[in-house]
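Dear colleague,

I am handing over the structure we spoke about, and below it you will find my notes on what turned up when I went through it. Please read them with the model open beside you.

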Amino acid sequence: MKDNYEVSEISLDDARPIVQRNNRKEDIYGLDYPWQGGLFHNCYGLFHEGKLVGASQFCSYRKNKQWHVPFHKEYFGCHHDTYEGFYELARLAVDPLDEHNITSWFLSRAIKLLNPKVLVTAAEEDKGGTIYKATNFDYYGLMYDRDWYEPDKPFHVYLKIFDKNIECWWEKT
């Protein structure tokens, strides 16, 4: 029963072991990001009876003025004057548990704590992104240049807009 679970903010260092154990990616996203001060992390943990069993890593990008608007338009498929509240779900990992739908339960609560205006994420081509479908993200097809480390690799792209004053320019597929 989910009464034994809770979600709260955690540090990047706390998120790291969960991500390394449960994600095909080797590590937390963006530790070697080239633009100093350009990447901000918000991490949330899933706790079962006080033990950390899941982690999510959300990233917010702050680029210089020259690249700020073009990057966000291309990467998020929409525009806003400040881009505050624009996040990417970069990593999501949960230890194997017997609890039904725990990953979607965790993700929905982490998103509520984050309180984004726009949230984008990408799933590897062979994975498909079942968790994003289950949590009502809109699907926008395969896109390239979604991962700093693998720009030539296609990813399934999902987007969720929470601010009703923001519209997506991409076409749903």
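R21 is exposed, with 52% of relative accessible area, and in this predicted model its side chain meets that of D95 in a salt bridge, at 3.0 Å from N to O. R21 sits in helix α1 (residues 12-22) while D95 belongs to the loop between β4 (86-94) and α3 (102-114), so the pair ties together parts that are 74 residues apart in sequence. The acidic partner is covered to another degree: because buried means under 20% relative accessible area, D95 counts as buried at 12%.

The structure holds four salt bridges, and two others among them deserve a description here. The side chains of E124 and K153 meet at 3.7 Å, again from N to O. E124 is part of strand β5 (residues 118-124) and K153 is part of the loop between β6 (138-143) and β7 (155-161), so this bridge ties together parts that are 29 residues apart in sequence. E124 is buried, with a relative accessible area of 9%, whereas K153, at 25%, counts as partly exposed.

The side chains of K172 and D138 form a salt bridge as well, with 3.6 Å between N and O. Since K172 lies in the segment after β7 and D138 in strand β6, the pair ties together parts that are 34 residues apart in sequence. Here K172 counts as exposed, at 55% relative accessibility, and D138 counts as partly exposed, at 29%.

Turning to the fold, the secondary structure of the chain comes to four helices and seven strands, and from the N terminus on the elements run β-α-β-β-α-β-α-β-α-β-β. How are the strands arranged in the sheet? Seven strands form an open sheet with mixed pairing, and their order is β1-β2-β3-β4-β5-β7-β6. Strands β1 (5-10) and β6 stand at the edges with a single partner strand each, so one side of each is left without a neighbour in the sheet. On average, and with direction ignored, neighbouring strands of this sheet are turned by 25° against each other.

Within the sheet, strand β3 (residues 51-61) pairs with β4 in the antiparallel sense, over six bridges, and if you would like a place to look at this pairing, S56 has L92, in β4, as its bridge partner. Helix α1, which carries R21, lies across β1, β2 (39-48), β3 and β4, and it runs at about 105° to β3.

Some totals for the chain may help to put these details in context. Of its 173 residues, 51% count as buried, and the chain exposes about 9600 Å², of which carbon and sulfur atoms supply 47%. Where do the contacts come from, if one takes those with a separation of 6 or more? Residues 24 or more positions apart account for 68% of them, and the three salt bridges described above likewise tie together parts that are 74, 29 and 34 residues apart in sequence.

With best regards

Conventions:
Residues are numbered from 1 along each chain as its sequence is written. This is a predicted model: local features need pLDDT of at least 70, side-chain atom pairs count only at pLDDT 80 or more; totals for chains, interfaces and linings use all residues. Side-chain values use heavy atoms; hydrogens and water are left out. Helices (H or I, at least four residues) and strands (E, at least two) are DSSP runs, numbered from the N terminus. Buried means under 20% relative accessible area, exposed over 50%, partly exposed in between (1.4 Å probe, protein chains only). Contact means heavy atoms within 4.5 Å. Accessible areas come from the Shrake-Rupley method with a 1.4 Å probe; for residues, only the protein chains shown count as cover. Two strands pair if DSSP finds at least two bridges between them. Axes are lines fitted to C-alpha atoms, for helices over the stretch in contact, and angles run from 0 to 180 degrees between N-to-C directions.
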